[in-house]
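This report goes through the sheets, the chain contacts and the nonpolar core in turn. The sequence and the structure come first.

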Amino acid sequence: MIPETRTFKENASKALKDENLQSALKGMEGGFVFGRLATIEKLPEYDDIRDGAVQIKKHVLENLDVYLETFEANVIKNGGEVHWCQSPEQARQKVLELCRSIDAKTVTKGKSMIGEEMDLNHFLEEHSVEPIETDLGEYIIQLADERPSHIIAPAIHKTKAQVSDLFHEHHKKYGKTERLEDPRELLEEAREILRPKYVTADVGITGANFMIAETGSTVIVTNEGNGDLTQTLAKMHIVLATPEKIAPTLEDASTLLRILARSATGQEYSVYTTFSSGPKRSEDLDGPSSYHVIILDNGRSEMVGSEFEDMLRCIKCGACLMHCPVWSTIGGHAYGWVYPGPMGSVLTPNIVGLEDSCHLPNASTFCGRCQEVCPERIPLPRMLRKHRENAYNAKLGAPIERTGIAVWAFFARHPMLYRFATGLAMKALKLMAGSKGKLRSVPLASGWTGARDLPAPEGQTFMAQYRARKQRRAGGGS
Amino acid sequence: MTGARDQILGRIRGKLGNDKRAKSEQAVTDWLAKPGVKPEINPIPARGQISGEALVDLFREMLSVAAATIDDVDDIKDVPGAVSAWLAEHNLPAEAVMSPDLCMDEIPWDDQSMLTLRRDRAQTSDAVGITPVFSAIAETGTLMMASSADTPTTLNFLPDNHIAIVRKSDIVGTYEEGWAKMRLRDPRAGDGNFMPRNVNLVTGPSRSADIDKTLFMGAHGPRRLHIVIVDDVKED
């Protein structure tokens, strides 16, 4: 997939003017944010579990190569196969090769962000294999030919009316001519259309939330049950994973799972958590005949031991997106690649390169909510700052930004000058504002004043007030 | 793709320090040597560390949170009647596909002569599936299902209605207790792995809020999950 990360600023402006998107994003925060809080409140041990979860992932990363080898050995023991791929291109070819080995015509797919990284659907279509997304949200965006705007709620940017239109347009070929509007009826129609696809599909592809080293199991978490029908009814089960998804034991996975659903959707537990260990056993009545795990690196191994290693602890819950004022305002597509929001702004430059994505680390107010809600306590703001620093040092970004930063840095290093200049600027702004007390536009700040007025500063500068207060205190006042 | 494998693993090892390989091997061996709960790494919520009727009550409470329905019967012989009544109440045909599992034979199904049961995996045409559980986890009202020749996975997902028969003795407090029980399963000859092809943790009926952020039951899996709790630990 060609990243559209370079045009982040234009994408964001477009997103702000997109009425459908703005209406879909409205009020969405509430359910997720309060739901998360409510379930965490009912679990007094939440922070201890979080600490355990951080330790598990740190331990995994410290010994990652040994864990991956252990996992691989156990998958083989279970009768499965592991395929290693460095790039999305290698992984796409591997999937196609596996599909062709059983002459596959159709593939059902559970939700997989790694599949998005590989841009797998377009590739399979080009090679005459029909991919069918079965997660309802993924199905909707497949019909719309879009990418997910959220890592766990991929179609959250779509309004009900847009879904109605999409189903109306694409379900005609199944004899569904009525344009449905009721969400319940829309869901029923999708269920009815997707059901037979599970049975006829040759290959079922799912992602993996975890890879359990001790048992060679892969784990998926869903609420719909689509991932299970996908992997149980097809002849071949292909799992798409990345190296950092290891959890050493079943108990470690349970610790991680306790925080995953609560952080993701505010549920006590997701409806279906499934551990898959190899193909159907000879005595089993159902299950796939073969089982393959594709481990796609795509830049992760370079992050091990680097200043971005903490990012590899991410369990993809999406809490940082839901709590981000930037994501909540512009949605996910503006970020231009697979992973949006704070976690995406840290991860994407590591995968597609900072040169192509140097705007992403700027898509943050540094309010810190992402780190606060991250179940793995990932220091997202610190890493965003690191990206900004790297971008500055590599002379990326617009010259005007660099000049601005350089000018500010000069003043910041000369406190006397800084205070003098801010005092002067304050007076100037006050003068310009006149009796109205606010400014409609300010030179060099049209980005800010384009959408709102700037209130004129009142009183004294912070430093002047601080000094005055200190003097009062010294004088015995309160 | 051996080349890719060696390059990925080699790069990771290089980043971690080639001299630390032996230490890593030891660390992994130590971590995996004692299977089970490591108290400082895997804190267990107090919520699930209870027993007796309190445990059953927590299971009931969390099942309700997960939008499953519950029926309590005093004796195993009352199960067929309860199942028939539930089917009638929901205007469902007295027909179901049921696990071939032997533990279902302890239930006197013949008492309900109207009820037709097929013992097999599920097909898309099956409206009702009846299964036992491997374990039931009170902490979140979760059913732990282990696949086998006698307990096919399709029964948990294909029928619109899933009825699970839970004996009180199946109920444990936490996932970890379920895993401890799983670890005692007879490993298949030679391979030493206790895990079945599938372990499904099921917490309520299937659902989705992908359209209009409105939550509806029955996205792809069962629309209804009904639990019959059998009192098999009566103290009197």
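In which order do the six strands of the open sheet in chain B lie, and is the pairing parallel or mixed? The order is 1-12-7-4-2-3, and the pairing is parallel. The model is a predicted one.

## The parallel sheet of chain B

The edges of this sheet are strand 1 (69-73) and strand 3 (116-119) of chain B, each of which pairs on one side only. From one strand to the next the twist averages 25°. Helix 4 (residues 79-89) of chain B packs on the sheet and touches strand 1, strand 4, strand 7 (161-167) and strand 12 (224-230) of chain B. The direction of helix 4 makes about 155° with that of strand 12 of chain B.

Strand 2 (residues 95-98) and strand 4 (residues 128-132) of chain B run parallel and are joined by two bridges. Across this pair, V97(B) stands opposite G129(B), and M98(B) stands opposite I130(B). Strand 4 of chain B is also joined to strand 7 of chain B, by five bridges, and these two run parallel as well. There G129(B) stands opposite H162(B) of strand 7.

## Burial of strand 4 in chain B

Why is strand 4 of chain B described as largely enclosed by the rest of the structure? Five of its five residues are buried, so the strand is largely enclosed. V128(B), I130(B) and P132(B) point one way from strand 4, while G129(B) and T131(B) point the other way; all are buried.

## Chain B as a whole

Chain B has six helices and twelve strands. Its C-alpha atoms fill a box of roughly 70 × 45 × 45 Å along the principal axes. Of the 236 residues in chain B, 46% are buried. Among contacts in chain B between residues at least 6 apart in sequence, 74% join residues at least 24 apart.

## The sheet shared by the two chains

A second open sheet takes strands from both chains. Eight strands form it in the order 8(A)-5(A)-6(A)-9(A)-9(B)-6(B)-5(B)-8(B), with mixed pairing. The edge strands are strand 8 (246-247) of chain A and strand 8 (171-172) of chain B, and each pairs on one side only.

Where the chains meet in this sheet, strand 9 (residues 272-276) of chain A and strand 9 (residues 198-202) of chain B run antiparallel and are joined by five bridges. In this pair T273(A) stands opposite L201(B). Within chain A, three bridges join strand 5 (residues 210-212) to strand 6 (residues 217-222), and these strands run antiparallel. M211(A) has T218(A) of strand 6 as its bridge partner.

Two helices of chain A are placed against these strands. Helix 12 (residues 226-233) of chain A lies across strand 6 and strand 9 of chain A together with strand 9 of chain B, at about 30° to strand 9 of chain A. Helix 13 (residues 250-265) of chain A packs on the sheet, touching strand 5, strand 6, strand 8 and strand 9 of chain A. The direction of helix 13 makes about 165° with that of strand 5 of chain A.

## Contacts between the chains

How many residues of chain A are in contact with chain B? 82 residues of chain A are in contact with 64 residues of chain B. On the side of chain A, the largest share comes from helix 11 (residues 183-200), with eight residues. That side divides into 30 nonpolar, 30 polar and 22 charged residues.

## The nonpolar core

Nonpolar side chains tend to be buried together in soluble globular proteins. In this model the largest nonpolar core has 174 residues. The residues with the most contacts inside this core are L256(A), I294(A) and V166(B). Helix 13 of chain A gives the most to the core, with eight residues.

Which residues does L256(A) contact, leaving aside its neighbours within four places in sequence? L256(A) is in contact with A53(A), I56(A), F210(A), A247(A) and I315(A).

## Domains of chain A

Chain A is divided into domain 1 (43-298) and domain 2 (415-474). The centres of domain 1 and domain 2 of chain A, taken over C-alpha atoms, are separated by 53 Å.

Methods:
Residues are numbered from 1 along each chain as its sequence is written. Chains are lettered from A and ligands numbered from 1 in the order in which they are written. This is a predicted model: local features need pLDDT of at least 70, side-chain atom pairs count only at pLDDT 80 or more; totals for chains, interfaces and linings use all residues. Two residues are in contact if their C-beta atoms, placed from the backbone, lie within 7 Å. Helices (H or I, at least four residues) and strands (E, at least two) are DSSP runs, numbered from the N terminus. Ala, Val, Leu, Ile, Met, Phe, Trp, Tyr, Cys and Pro count as nonpolar, Asp, Glu, Lys and Arg as charged, and the others, Gly among them, as polar. Two strands pair if DSSP finds at least two bridges between them. A residue is buried if 20 or more other C-beta atoms lie within 10 Å of its own, exposed if 12 or fewer, and partly exposed in between; C-beta atoms are placed from the backbone. Axes are lines fitted to C-alpha atoms, for helices over the stretch in contact, and angles run from 0 to 180 degrees between N-to-C directions. Domain bounds come from an automatic or database domain assignment. A nonpolar core is a set of buried Ala, Val, Leu, Ile, Met, Phe, Trp, Tyr and Cys residues joined through C-beta atoms within 7 Å.
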